[in-house]
Amino acid sequence: MFDFICILSTVVYSDMFCREYESGIWRYVIVRTGKLKYVVQEFLKAFFSGGITLCGGGLLFLLITCPIFPLFDVDRYGEISILPFSDILKTSPALYFLIMLFLLFLTGGLWSCVSFCFSVYVPVRKMVYLFPFIVHFIMGRIMVVFKIPSEWRFDFMLCGRSGPQNELAYIAIVMIGV
């Protein structure tokens, strides 16, 4: 599931340089705006488009299902008690889902920017879309090979599966990492 999220966040904007490269307009845009301003603008656009894509999808899902189903069934607390923010989920499910949407926003922005960087070197759209999946897969395999404990695996932190039990430290680590 998380591998699909890596691809989904890149579809909206990460191939913009590929489109500009194919049309030949990228040179004129850079000359007109300047290199630094162009890079900063494109990174911000890529980050926010990827983040809003994932966060918006999660928010839409919550808005549709929340009136029909409860956010969390307290009887199932034993199943998730080892996950980060499980205490918040038990006491305030809305705050928990808000934190998870924020993590989705950061994750989408990260993968969209990674894909955008790749598009500068390999301006092929299909490769740009698949690159975050490949990086995520290789990153996961490297962490398994080196036996990194699951609470310190950054790929698990991005999807809210593991991390430090202190909520503020968890959010700070993810924000610095992104």
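## Helices H3 and H4 and the second largest pocket

The axes of H3 and H4 cross at roughly 110 degrees and come within 6 Å of each other, and because angles of 65 to 115 degrees count as roughly perpendicular, H3 is roughly perpendicular to H4. The model in which this arrangement is found is a predicted one. The crossing in which H3 passes H4 is right-handed, and the contact is made by Val29, Ile30 and Thr33 on the side of H3, together with Lys35, Lys37 and Tyr38 on the side of H4. By class, the residues of this contact divide into 3 nonpolar, 1 polar and 2 charged.

The second largest pocket holds about 200 Å³ of space. Its lining consists of Phe17, Trp26, Ile30, Lys35, Tyr38, Val39, Glu42, Phe43, Phe116, Cys117, Val120 and Tyr121. Helix H3 (26–33), helix H4 (35–65) and helix H7 (93–121) each supply at least two residues of that lining, and H4 gives the most, with 5 residues. Ile30, Lys35 and Tyr38, which are among the lining residues of the pocket, also take part in the contact of H3 with H4.

The residue classes of the two sets are set out below.

| Set of residues | Nonpolar | Polar | Charged |
|---|---|---|---|
| Contact of H3 with H4 | 3 residues | 1 residue | 2 residues |
| Lining of the second largest pocket | 10 residues | no residues | 2 residues |

In the lining of the second largest pocket, then, 10 residues are nonpolar and 2 are charged, with no polar residue; Lys35 and Glu42 are the charged residues of this lining.

Key: Residues are numbered from 1 along each chain as its sequence is written. This is a predicted model: local features need pLDDT of at least 70, side-chain atom pairs count only at pLDDT 80 or more; totals for chains, interfaces and linings use all residues. Side-chain values use heavy atoms; hydrogens and water are left out. On a 1 Å grid over the protein atoms alone, a cavity is a set of points where a 1.4 Å probe fits but cannot get out, and a pocket is an open set with protein on both sides within 12 Å along at least five of seven lines; lining residues have an atom within 4 Å of a point. Grid points are joined across faces, edges and corners, and a volume is the space filled by probe spheres set on the points. Helices (H or I, at least four residues) and strands (E, at least two) are DSSP runs, numbered from the N terminus. Axes are lines fitted to C-alpha atoms, for helices over the stretch in contact, and angles run from 0 to 180 degrees between N-to-C directions. Angles under 35 degrees count as roughly parallel, over 145 as roughly antiparallel, 65 to 115 as roughly perpendicular and the rest as oblique. A crossing is left-handed if the near helix is turned anticlockwise from the far one by less than a right angle, and right-handed if clockwise. Contact means heavy atoms within 4.5 Å.
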